[in-house]
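Colleague: Got a minute to walk me through this model? I'd like the overall picture, then some details.

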Amino acid sequence: MPAGQLARDIDKLSDDAAANFAFLHLKKILPDASAPIQHLVSRWGSDVNSLGSYSYDAVGKPHDLYERLRIPVDNLFFAGEATSTDYPGSVHGAYHTGLMAAEDCRMRVLERYGELDLFQPVMGEDTPASVPLLISQQLNKCLFM
């Protein structure tokens, strides 16, 4: 995750040039990595809705802050790296809390309406859920609502 002047310089590149820059550095870490078939470049530094921010632990934060951030408001369920106790500031944390929010939503529907055909598993009961690799503790935020 680039920071400082490097991040500002990358923000000025075209999408293709920024993706190529990232891929060249990935190849240094994983020499056998195959070229991406598609890319999406986010502009966190110039995006007026984020301006390069992601969650971090403030000194003196309440120990139950993440749990409180996940509390549903009526039919609105919250997830994302900013609500992850185990993996804050990471895509893995966003993914994990997204699964938790989906399960909370499912349970709420079951409590209100009983068993629905909506919740029959697609892959079967015995198929284990896949979990993405924890790549970094410092990836940009990814929020699911």
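Modeller: Sure. Buried residues, meaning those under 20% relative accessible area with a 1.4 Å probe and protein chains only, make up 18% of the 145 residues in the chain. Keep in mind that this is a predicted model: local features need pLDDT of at least 70, side-chain atom pairs count only at pLDDT 80 or more, and totals for chains, interfaces and linings use all residues. Residues are numbered from 1 along each chain as its sequence is written, and side-chain values use heavy atoms, with hydrogens and water left out.

Colleague: How many helices and strands does the chain have?

Modeller: Four helices and zero strands, so the order from the N terminus is α-α-α-α. Those are DSSP runs numbered from the N terminus: H or I over at least four residues for helices, E over at least two for strands.

Colleague: OK, salt bridges. How many in the whole structure?

Modeller: The search finds four, counting a side-chain nitrogen of Lys or Arg within 4 Å of a carboxyl oxygen of Asp or Glu. One of them pairs R43 with D11, at 4.0 Å from N to O. R43 sits in the loop between α2 (15-29) and α3, and D11 in helix α1 (residues 4-11), so this pair ties together parts 32 residues apart in sequence.

Colleague: Which other residue meets R43 in a salt bridge?

Modeller: D15 does, at 2.5 Å from N to O. D15 belongs to helix α2 and R43 to the loop between α2 and α3, so that pair links parts 28 residues apart in sequence.

Colleague: And is R43 buried or partly exposed?

Modeller: Partly exposed, at 22% relative accessibility; that label covers values between the buried cut-off and exposed, which is over 50%. D11 is partly exposed too, at 23%, and D15 is partly exposed at 38%.

Colleague: What about D64, which residue does its side chain meet?

Modeller: R68, in a salt bridge of 3.2 Å, N to O. Sharing partners is what joins D11, D15 and R43 into one network.

Colleague: Switching topic: where is T83?

Modeller: In the loop between α3 (65-69) and α4 (91-113). T83 is buried, with a relative accessible area of 6%.

Colleague: Which residues does T83 contact, beyond its neighbours within four places in sequence?

Modeller: Y66, L69, R70 and T97, where contact means heavy atoms within 4.5 Å. Closer along the chain, a polar atom of the T83 side chain lies 2.9 Å from the backbone oxygen of G80.

Definitions and conventions
A polar contact is a pair of N or O atoms within 3.5 Å; within protein, one must be able to donate a hydrogen and the other to accept it, and residues adjacent in sequence count only if both atoms are side-chain atoms.
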